[in-house]
Amino acid sequence: MRSIKGWEAGKHRPREPYLTLYCRVFGFRETELFEENVHIRPDASASLGIEALDPFVVDGRPADADYVMTLRTTGQALVALDTAYGGNEIFPLAVRVFRAAGAKLAAGNFTATVERDLEAAAGEAGEIAAWQAHDADRQDVSRQIIHEAMMLSRLAGDRSMELLELAHLSMLSQFQRRPHETLRIADDVLAGGDLPPRVEAIFQVRRGRALAALGDGTRGFEALHRARSALTESIGTRDPYWSWWMDEAELAGHQGMAYAELGAWGKAVTPLTEAYEHHLTRGRSRYNCGAQLLNGLVHAQAWQEAEPVIVEVMAQASEIASARTVNLLLRVADRIELAGTGPTSTLTDSAQDLRRVLTCA
């Protein structure tokens, strides 16, 4: 939020690609918000998939079909930015977009023919904002928003989006160490039956992680095995578009975390490495997977194996703003520095360098 206020106060200009998105989403030209000589790279918006945004739709008038389309396109642009750069700076924009759509619904400021579509689009915008709040480590905000989004999706009759929101809520419960809550959500969804394969896999993963956190490794890994059985090589006709991220690499990461929750850090390293190596391209996913792997290696006291991982993670730390990952890495740096004579001198030096990068980013 401080970054947004700084832009608005004229203290500094946003970097690309935030400059383009900031102007497009809120309906102003670059020269109206910033200096006359602002230069927008010709490919900036196209590379993010936001060239279709119409700033003149976001002007306070009643929402119509064009507004709904722009709301959905804006959401995908925010997802693209988050995937590349992390959620810290995107989070306040995503919340503003969601709140604006919600305000139109609450005030009845929409044309009668789009009410259901607007509810559905606003629910999706809420899910996006909730995810970015999670990545920015604003977990209580994420929980509040996902409940609001779920209500809108239910009003719209959008069961597919409601399932994604339930998946988010169960993930959030696991992240906040509420495994009983995670288990209740997962069991309730799975009991309904007739789920698309990838959706079933997602909730079996949630169930498996919760059981592992509760100390029931046998049933936990049985659920993870069922998740793997539900996966197919490609998204099927029944799988919702948003379920693309549930694949073998995602499952491997959760398997590693299940071992970690059971205290079996040595066993956690192999699946965490598999998940990390799958994300070959730079971006938030590889950064987060790298942090999880580094955490696993340090807990397993695999000091030499941790050295190349910490170097790459540190290289990304100044490029990607993901507070949840930063907070994990600070804990890992603490563990390395407090381990005494165990870690190599190279790893200890790298941990100190990583801390400096994280606290200055």
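Reader: How do you know that the length of helix 15 agrees with the number of its residues?

Author: Helix 15 runs over residues 284–299, a helix here being a DSSP run of H or I with at least four residues, numbered from the N terminus. The expected span is 1.5 Å times one less than the number of residues, so the 16 residues of helix 15 should cover 22 Å, and the 23 Å between its end C-alpha atoms agrees with that. This is a predicted model, in which local features need pLDDT of at least 70 and side-chain atom pairs count only at pLDDT 80 or more, while totals for chains, interfaces and linings use all residues. Residues are numbered from 1 along each chain as its sequence is written, and side-chain values use heavy atoms, with hydrogens and water left out.

Reader: What makes helix 15 count as largely enclosed by the rest of the structure?

Author: A residue is buried under 20% relative accessible area, exposed over 50% and partly exposed in between, with a 1.4 Å probe and protein chains only. In helix 15, 13 of the 16 residues are buried, so the helix is largely enclosed by the rest of the structure. Asn 288 is one residue of helix 15, and at 13% relative accessibility Asn 288 counts as buried. Contact means heavy atoms within 4.5 Å, and, leaving aside residues up to four places away in sequence, Asn 288 touches Arg 324 and Thr 325. Just after helix 15, Gln 301 takes a positive phi of about 60°.

Reader: How do you know that the span of helix 16 agrees with expectation, and which of its residues are buried?

Author: Helix 16 covers residues 303–317, and its 15 residues should span 21 Å at 1.5 Å a residue; the end C-alpha atoms lie 20 Å apart, which agrees. Its buried residues include Trp 303, Val 309, Ile 310 and Met 314. The buried residues of helix 16 pack against helix 15, helix 17 (323–338) and helix 18 (345–360).

Reader: Why is the contact between Asp 82 and Arg 284 called a salt bridge?

Author: The term requires a side-chain nitrogen of Lys or Arg within 4 Å of a carboxyl oxygen of Asp or Glu, and the closest N and O atoms of Asp 82 and Arg 284 are 3.0 Å apart, so the pair meets the cut-off. Asp 82 belongs to helix 5 (residues 65–85) and Arg 284 to helix 15, so the pair ties together parts that are 202 residues apart in sequence. Both partners fall on the buried side of the limit, Asp 82 at 2% relative accessibility and Arg 284 at 9%.

Reader: What makes Arg 99 and Glu 148 count as partly exposed?

Author: Arg 99 has 35% relative accessibility, so it falls between the two limits and counts as partly exposed, and Glu 148, at 27%, counts as partly exposed too. Their salt bridge has its closest N and O atoms 2.5 Å apart. Arg 99 lies in helix 6 (residues 90–107) and Glu 148 in helix 8 (residues 139–156), so this pair ties together parts that are 49 residues apart in sequence.

Reader: How do you know that Glu 261 and Arg 209 link distant parts of the chain?

Author: Their side chains meet in a salt bridge at 2.7 Å, N to O. Glu 261 is in helix 13 and Arg 209 in helix 11 (residues 197–213), 52 residues apart. Glu 261 is partly exposed, with a relative accessible area of 27%, whereas Arg 209, at 12%, counts as buried. Elsewhere, salt bridges that share partners join Asp 82, Asp 135, Arg 284 and Arg 324 into one network. By this rule the count of salt bridges comes to 19.

Reader: Why is the aromatic pair of Phe 221 and Tyr 259 called tilted?

Author: Rings of Phe, Tyr and Trp (its six-membered ring) pair if their centres lie within 6.5 Å, and planes under 30 degrees apart count as stacked, over 60 as edge-to-face and the rest as tilted. By this rule the count comes to one aromatic pair. The ring centres of Phe 221 and Tyr 259 are 4.5 Å apart and their planes stand at 40°, so the pair is tilted. Phe 221 lies in helix 12 (residues 217–230) and Tyr 259 in helix 13 (residues 248–261), so the pair ties together parts that are 38 residues apart in sequence. Phe 221, at 22% relative accessibility, counts as partly exposed, while Tyr 259, at 19%, is buried.

Conventions: Helix = DSSP H or I, 4+ residues; strand = E, 2+ residues; numbered from the N terminus.
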